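I opened the model today to look up a few points before going back to the bench. The entries below are in the order in which I checked them.

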Amino acid sequence: MINITFSLEADRYHSEITTLMNHLYDEDPGDLPLTPGKIRLTFQECLAHPDKTMMLVIKSGDEVVGYALLILFWSNEYGGNILNIDELYLASPYRNLGIGSHLISCLSSESNIVGFPQNQNIIGLALETTPSNINAERLYKKLGFLPAANHPYFKPTEIWAHLHTRRIGY
């Protein structure tokens, strides 16, 4: 495998990560479009709450080749901290090289990640994929992820509705 490093220095690579985020949403669109306002809020959240929201930078040498948006939360159902991989993206030339597998291994052991908060007692990793992302689904199953019995639902709050009607690039 090529020399890859993981760190939580997203504030240094805002432009590169923003470009990669746009590539992710172009290649594998979710329910809602990505906007500059959402990207700005995500970076702000990572800076304001590094104990629960982290932007992981994936680098090959000095080049930013990917990112992962990580959300830490307590699960009563599972009885511990879950690390949700909200987004994971690698630039096309860096796929199928074992980088994603290596990242999952590092996250599972809370090691080899510069700046990652230690002793979080993470009992499991969680993620989701769009139904059309067959390659990602195949990788995650190979790495031991199991389909969850519960299906996610989303109900917008008044705050969400307000942000989306203000048309400020959110």
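Entry 1, cysteines. I looked for disulfides and the count came to zero. I note for reference that a disulfide is a covalent bond between the sulfur atoms of two cysteines. The model is a predicted one, and I read every entry here with that in mind. I then looked up two of the cysteines. C46 counts as buried because its relative accessibility is 10%, under the 20% cut-off. C106 is also buried, at 2% relative accessibility.

Entry 2, the chain as a whole. I counted five helices and six strands. Starting from the N terminus, I wrote the order down as β-α-α-β-β-β-α-β-β-α-α. The chain has 170 residues, and 36% of them count as buried. I also looked at contacts between residues at least 6 apart in sequence: 58% of these join residues at least 24 apart.

Entry 3, helix α1. This helix covers residues 14-27, which is 14 residues. From first C-alpha to last it reaches 20 Å, close to the 20 Å expected at 1.5 Å a residue. Its buried residues are I17, T18, L20, M21 and L24. Seen down the axis of α1, the buried residues fall within an arc of 165°, so they line one face of the helix. This goes with a general point: an α-helix has 3.6 residues a turn, so residues three or four places apart point the same way. On the face turned away from the buried side I found the exposed residues S15 and D26. I then asked what covers the buried residues of α1. The cover includes helix α2 (36-48) and the strands β2 (53-60), β3 (63-75) and β4 (80-90).

Entry 4, helix α2. I found 13 residues here, with a reach of 18 Å from the first C-alpha to the last, close to the 18 Å expected at 1.5 Å a residue. In α2, the residues G37, K38, I39, F43 and C46 are buried. L47 also sits in this helix, but it counts as exposed, at 59% relative accessibility. I checked L47 against A10: they are 37 residues apart in sequence and 9.1 Å apart in space, C-alpha to C-alpha.

Entry 5, the core. The largest nonpolar core has 39 residues. Those with the most contacts inside it are F6, I17, M55, I58, Y67, L70 and L83. Strand β3 gives the largest share of this core, seven residues. I took M55 as one to follow up. Leaving out residues up to four places away in sequence, M55 touches S7, L8, A10, I17, M21, T42, C46, Y67, A68 and L69. Two of the residues on that list, I17 and M21, are among the buried residues of α1.

Entry 6, N84. Is N84 buried or exposed? This residue of strand β4 counts as buried, at 18% relative accessibility. Its contacts, neighbours within four places in sequence set aside, are L69, L70, I71, F73, A126 and L127.

Entry 7, aromatic rings. I found one aromatic pair. Y140 and F145 form this pair, which is edge-to-face, with 5.7 Å centre to centre and 65° between the planes. Y140 is buried, with a relative accessible area of 11%. F145 is buried too, at 15% relative accessibility.

Methods:
Residues are numbered from 1 along each chain as its sequence is written. This is a predicted model: local features need pLDDT of at least 70, side-chain atom pairs count only at pLDDT 80 or more; totals for chains, interfaces and linings use all residues. Side-chain values use heavy atoms; hydrogens and water are left out. The expected span of a helix is 1.5 Å times one less than its number of residues. Buried means under 20% relative accessible area, exposed over 50%, partly exposed in between (1.4 Å probe, protein chains only). The arc is that of the directions from the helix axis to the C-beta atoms. Contact means heavy atoms within 4.5 Å. A nonpolar core is a set of buried Ala, Val, Leu, Ile, Met, Phe, Trp, Tyr and Cys residues joined through side-chain atoms within 4.5 Å. Rings of Phe, Tyr and Trp (its six-membered ring) pair if their centres lie within 6.5 Å; planes under 30 degrees apart count as stacked, over 60 as edge-to-face and the rest as tilted. A disulfide is a pair of cysteine sulfur atoms within 2.5 Å.
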